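Hi there,

Here is the structure I promised to pass along. Please have a look at it first, and then read on for what I found.

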Amino acid sequence: MITQEMIAQLKDKMENDTKKEFTVPELIDEIVSRYHAKELTMIREIREEMDAYETDHNTSSGLFKKTQVMDARIQDIFQEFYALSSELKHHFEKEEGEVFPLMVASYDMTEGASDRSDRGAGMDSQEENRGGKLFLQREFQGHDPALLREIQRLEKEHGQTEEHIQEIIRLSDHYGYQARDVRLASIYQKMQICFADLSEHREREELELFERDW
Ligand SMILES: [Fe+2]
Ligand SMILES: [Fe+2]
């Protein structure tokens with residue numbers, strides 16, 4: 001008898017299988033279109049709210065006295081986010097402009113070699129089946145140290161982003177510091193949504209893309 005549990009398991013398996021079938025160019029396209037533009041928009045909106053908050057908290061009235069002064073801890077939180085956002089912008093640019101094209105080129109070379117093999121050339125090379133596709137074994141033996149170094153750099157940058165996020169969480173007492181201020185609460189809420197997206201984004205790059213046999 002087919003149970004609901006069996007159907008759910010089958011569905012999960014089908015979803016997992018579909019995920020595995022992403023080629024490198026498809027996966028890169030998915031990452032760029034699904035995360036990069038969206039996160040840059042999120043970051044821009046948070047920065048706009050932070051700028052407005054800062055402007056309102058550093059205004060002066062009268063000749064000598066300030067009516068509102070920016071809280072030092074809030075300033076530190078904002079500084080962490082500014083650092084995170086400018087580093088991320090460079091990180092995305094590097095991925096899209098340098099490392100991802102290298103990955104596509106490396107993948108194309110492998111696919112091209114596989115096609116040549118199908119036509120009878122290069123038959124001396126060992127072949128293996130990966131995810132339903134034929135690849136040449138020699139193409140997957142740590143053949144691109146320059147690309148591996150670039151991937152390590154990207155992973156290091158992912159770690160730096162995570163450090164900024166952890167510092168923001170610490171400084172803001174888990175997004176509770178002065179959160180009765182509705183404008184700060186809104187900034188905290190948008191940060192949390194952005195950080196959750198970044199976490200999913202990082203996981204997909206590291207587990208689905210960087211872990212391949214470059
Ligand atoms: Fe990315
Ligand atoms: Fe990344």
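H4 is 27 residues long and spans 39 Å from its first C-alpha to its last, close to the 39 Å expected at 1.5 Å a residue. Please keep in mind that this is a predicted model. The buried residues of H4 are Glu-150, Ile-151, Leu-154, Thr-161 and Ile-168. Just after H4 comes Asp-173, which takes a positive phi of about 50°.

The partner to look at next is H5. Two packed helices are described by the angle between their axes and the distance between the axes. For H4 (residues 145-171) and H5 (residues 182-210), the angle is about 155° and the axes are 11 Å apart. An angle over 145 degrees counts as roughly antiparallel, so that is how H4 and H5 run relative to each other. Their crossing is left-handed.

Which residues in H4 and H5 meet? On the H4 side they are Ile-151, Glu-155, His-158, Thr-161, Ile-165 and Ile-168. On the H5 side they are Met-191, Phe-195, Leu-198, Arg-202, Glu-206 and Phe-210. Sorted by class, this contact has 7 nonpolar, 2 polar and 3 charged residues. Ile-151, Thr-161 and Ile-168 appear both in this contact and among the buried residues of H4.

Another spot you may want to bring up on screen is Val-104, which lies in helix H3 (residues 72-118). Is Val-104 buried or partly exposed? Val-104 is partly exposed, because 15 other C-beta atoms lie within 10 Å, and a residue needs 20 or more to count as buried. Leaving aside residues up to four places away in sequence, Val-104 touches Val-24, Pro-25 and Ile-28. Pro-25 is 79 residues from Val-104 along the chain, yet their C-alpha atoms are separated by 5.8 Å.

Stepping back to the whole chain, there are 5 helices and 2 strands. Starting at the N terminus, the elements follow the order α-α-α-β-β-α-α. The chain has 214 residues, and buried residues make up 16% of them. As for contacts between residues at least 6 apart in sequence, 72% join residues at least 24 apart. The contact of Val-104 with Pro-25, at 79 residues apart, is one you can check by eye.

Happy to hear what you make of it.

Best wishes

Note on methods: Residues numbered from 1 in each chain as written. Chains lettered and ligands numbered in written order. Predicted model: local features only at pLDDT ≥ 70, side-chain atom pairs only at ≥ 80, totals over all residues. Axes fitted to C-alpha atoms, helices over the stretch in contact; angles between N-to-C directions. Helix = DSSP H or I, 4+ residues; strand = E, 2+ residues; numbered from the N terminus. Parallel < 35°, antiparallel > 145°, perpendicular 65-115°, else oblique. Left-handed = near helix turned anticlockwise from the far one by under 90°. Contact = placed C-beta atoms within 7 Å. Nonpolar A, V, L, I, M, F, W, Y, C, P; charged D, E, K, R; others polar. Buried ≥ 20, exposed ≤ 12 C-beta atoms within 10 Å, placed from the backbone. Expected span 1.5 Å × (residues − 1).
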